[in-house]
Amino acid sequence: MAEIRSTSENSRHPAAFGKVHAPTLGESLRMTVTDVRNRLGRSVVTLGGIVLGIAFLMSTLVSSDIRASLAEVSLRHLKVKNMVAVVRAEIGKLESKRVVILVPQVVRDELLLDDFATELRAGGLGEGLVGPVPMDQLGGQPRHVDDASALVVWMADPPAVLSADWKLLLARMRQPVVLVYGDGLLFDSPGLAEVRVRRLLPPLDQQAAHQAEIDARQRRGWWLVGVSLVVATMGIANALLMNVTERYREIGTMKCLGALNSFIMRLILLESSFLGLLGAILGIVLGVLFAVGAYSGTYGRQVVLEAMDGGSVAWAAGACMVLGWMVAVLAAIYPAHVAAHMVPADALRTEV
Amino acid sequence: MNNPQRLGEFADGLGNSTEMDDAVRTAGVVKEYVMGPVTVAALAGVDVAIGRGEYLSIMGPSGSGKTTLFNMMGGLDKPTRGKVFVDAVDIAELNPVELAWLRCRKIGYIFQTFNLIGTMTALENVMLPMSFAGMTSEEALDRGVEILARVGLGERCKHKPTQLSGGQQQRVAIARAFANEPAIILADEPTGNLDLKTGQEIISLLKEMNRESGVTVISATHDHKMLDVSDRIVWMADGRIDHIERREDVDIQVGSIEQ
């Protein structure tokens, strides 16, 4: 066997090998978009898998949110009904009566207070409802309470000891009835014998029971969210896996044309990112529409839209976006790596 | 075909060149597949050297190892044992980047199933390897159009593979293979999916380009039409070279079907 010697001017020693040009990020991105557009049929199927998975997840998240809000609203209505009933029980018919609501500096349960006030006015009190009046303002001008039939003290913990101001206040009332929101009751002090003090809300344990039921229902809702998360992940992963393995032959061909492994990986990751994000966006829109639609059927669109909290919907959308993108990319990485590092003979042998 | 000058280069009886200016050379190439307890040898030791500018056909029945040998020579697969030298470079020594360069610039591939990228036009298919070679898109466009015209598809530049016949697709594949002016063309059953007449056209085209540019052509094929244009024919059987013939040693009689 003749010896191996290095050849003429055109040295083929590996050192003389040139660089293989790998298209830039911009070019790769353009190739990706064109490719997705050209393979629209296949891309739509892959996209469909992602969209449906994310739509399912998003709709369970939004549904859970709507349900929580609606439950809160219904609980509030229940409380308001109870409170108005207590007022009526104490002062009789609301027409031509006068009720003053006192509030501290920091008002708790504002929504409840608003609903309560609205309900009282609508129930016959009309202009007779005074307030909410801040407690500190009262010191100077206690005439608000003149002729008042009832005083609503909107404090969680009213003072245990009646101060002089309070006594003054109560003295000016016609038939002083004090209705306390919260669990603390004004401590009865001497000189207050004729003042009736009642609690506005049902006892705490009753409230707790109601709340517990709502919480239980919410927890069941989270189970569904969990299931949808798993389904979405698997659907997206499957769609992307299929998308990549269908292209093994094409990848093998590109390797024969001189494509670098890194180029192939980049191309596939770009495409799966693109599909993942696009699918997530479409899925999010679809999911929201579906959830709103489903609840609107029962509760009416207005109620549902009010119940929705923009903040948590945005949060859910963000999470779905990240999930869609990440799962798509991760699901594509493994087959992409396999394809990029296969010997072309094997890649080309693949039957599509 | 019968080139006395080139004959002188073939020093040993098998026609193997001892000049180290071989396009491709294999040394003791073995390819084994392990299937459980049994090891199947697709190639059981092959030594062959192919000279520059030569048109070589590898022939043999299915299972003879011709496609496996072809894959080894083209760097499409790795041998279990033995070495493959492309232009005196052991391709097993190359890292992935160098291997990519080799496939981009030195070797052009043609396949039985054409393997064009279906979402690109004929022109874009031809331009793809040129973009890997670092050509600007203007240069690539010009050369692409030129080379498509050379293979007879001047008006079909903007067609997608689905709009082209088998023969036309193979022409695009040939244009693509020649895009970066390779030193070696590897053709795996180029006429396998084509009818008689189209197959003959393709073979003629390949031979023309072999003559014009002095490119080495290595073809693994069943097609006996290839015999006429080959400088040497390697006959494979059971994973080994059965015998090598030179074109002038082959007696070909061409008949025709009376129409």
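Two strands count as paired when DSSP finds at least two bridges between them, and with that in mind the tour of this predicted model can open on a sheet.

**The sheet of chain B**

Select the strands of chain B first: four of them form an open sheet in the order β2-β1-β4-β5, and their pairing is antiparallel. At the edges lie β2 (38-51) and β5 (89-90) of chain B, each of which pairs on one side only. Move next to strand β4 (residues 81-86) of chain B, which is joined to β5(B) by two bridges, the two strands running antiparallel; here V86(B) has V89(B), in β5(B), as its bridge partner. Now add helix α2 (residues 66-73) of chain B to the selection, and you will find that this helix lies across β1 (22-35), β2 and β4 of chain B, running at about 125° to β1(B).

**L102(B) and its surroundings**

From the sheet, go to L102(B), which is found in helix α3 of chain B. Is L102(B) buried or exposed? With 25 other C-beta atoms within 10 Å, L102(B) is buried, because a residue needs 20 or more such atoms to count as buried. If neighbours within four places in sequence are left aside, the contacts of L102(B) are G75(B), V86(B), I91(B), L94(B) and I107(B). For G75(B), 27 residues apart from L102(B) along the chain, the separation between the two C-alpha atoms is 8.9 Å.

**An enclosed helix in chain B**

Select helix α4 (residues 122-132) of chain B next, where 11 of the 11 residues are buried, so that this helix is largely enclosed by the rest of the structure. Among these buried residues are L123(B), V126(B), M130(B) and F132(B). What do the buried residues of α4(B) pack against? They pack against α7 of chain A, together with α3 (96-106), α5 (137-150) and α6 (166-178) of chain B. Just after α4(B), stop at G134(B), which takes a positive phi of about 90°.

**Two helix crossings in chain A**

Turn now to chain A and show helix α1 (residues 25-38) with helix α8 (residues 261-299), whose axes come within 9 Å and cross at roughly 60°; α1(A) and α8(A) are therefore oblique to each other. The crossing in which α1(A) passes α8(A) is right-handed, and the residues making the contact include L29(A) and T32(A) of α1(A) and L267(A) and L270(A) of α8(A).

For the next pair, select helix α2 (residues 40-91) and helix α3 (residues 110-125) of chain A, where the axes come within 9 Å and cross at roughly 50°, which makes α2(A) oblique to α3(A). This crossing of α2(A) and α3(A) is right-handed, and among the residues in contact are V80(A), M83(A) and V87(A) of α2(A) and L112(A), F116(A) and L120(A) of α3(A).

**Strands of chain A**

Strand β3 (residues 150-153) of chain A is joined to β4(A) by three bridges, and the two run parallel, with V152(A) standing opposite L179(A) in β4(A). Both faces of strand β4 (residues 177-180) of chain A are covered, since V177(A) and L179(A) on one side and V178(A) and V180(A) on the other are all buried.

**Confidence in chain A**

Finally, colour chain A by pLDDT: the mean is 79, and 79% of its residues reach 70 or more. Over residues 1-16 of chain A the pLDDT is below 50, and this stretch has 19 contacts in the model beyond near neighbours in sequence.

Conventions: Residues are numbered from 1 along each chain as its sequence is written. Chains are lettered from A and ligands numbered from 1 in the order in which they are written. This is a predicted model: local features need pLDDT of at least 70, side-chain atom pairs count only at pLDDT 80 or more; totals for chains, interfaces and linings use all residues. A residue is buried if 20 or more other C-beta atoms lie within 10 Å of its own, exposed if 12 or fewer, and partly exposed in between; C-beta atoms are placed from the backbone. Helices (H or I, at least four residues) and strands (E, at least two) are DSSP runs, numbered from the N terminus. Two residues are in contact if their C-beta atoms, placed from the backbone, lie within 7 Å. Axes are lines fitted to C-alpha atoms, for helices over the stretch in contact, and angles run from 0 to 180 degrees between N-to-C directions. pLDDT is the predictor's confidence in each residue, from 0 to 100. Angles under 35 degrees count as roughly parallel, over 145 as roughly antiparallel, 65 to 115 as roughly perpendicular and the rest as oblique. A crossing is left-handed if the near helix is turned anticlockwise from the far one by less than a right angle, and right-handed if clockwise.
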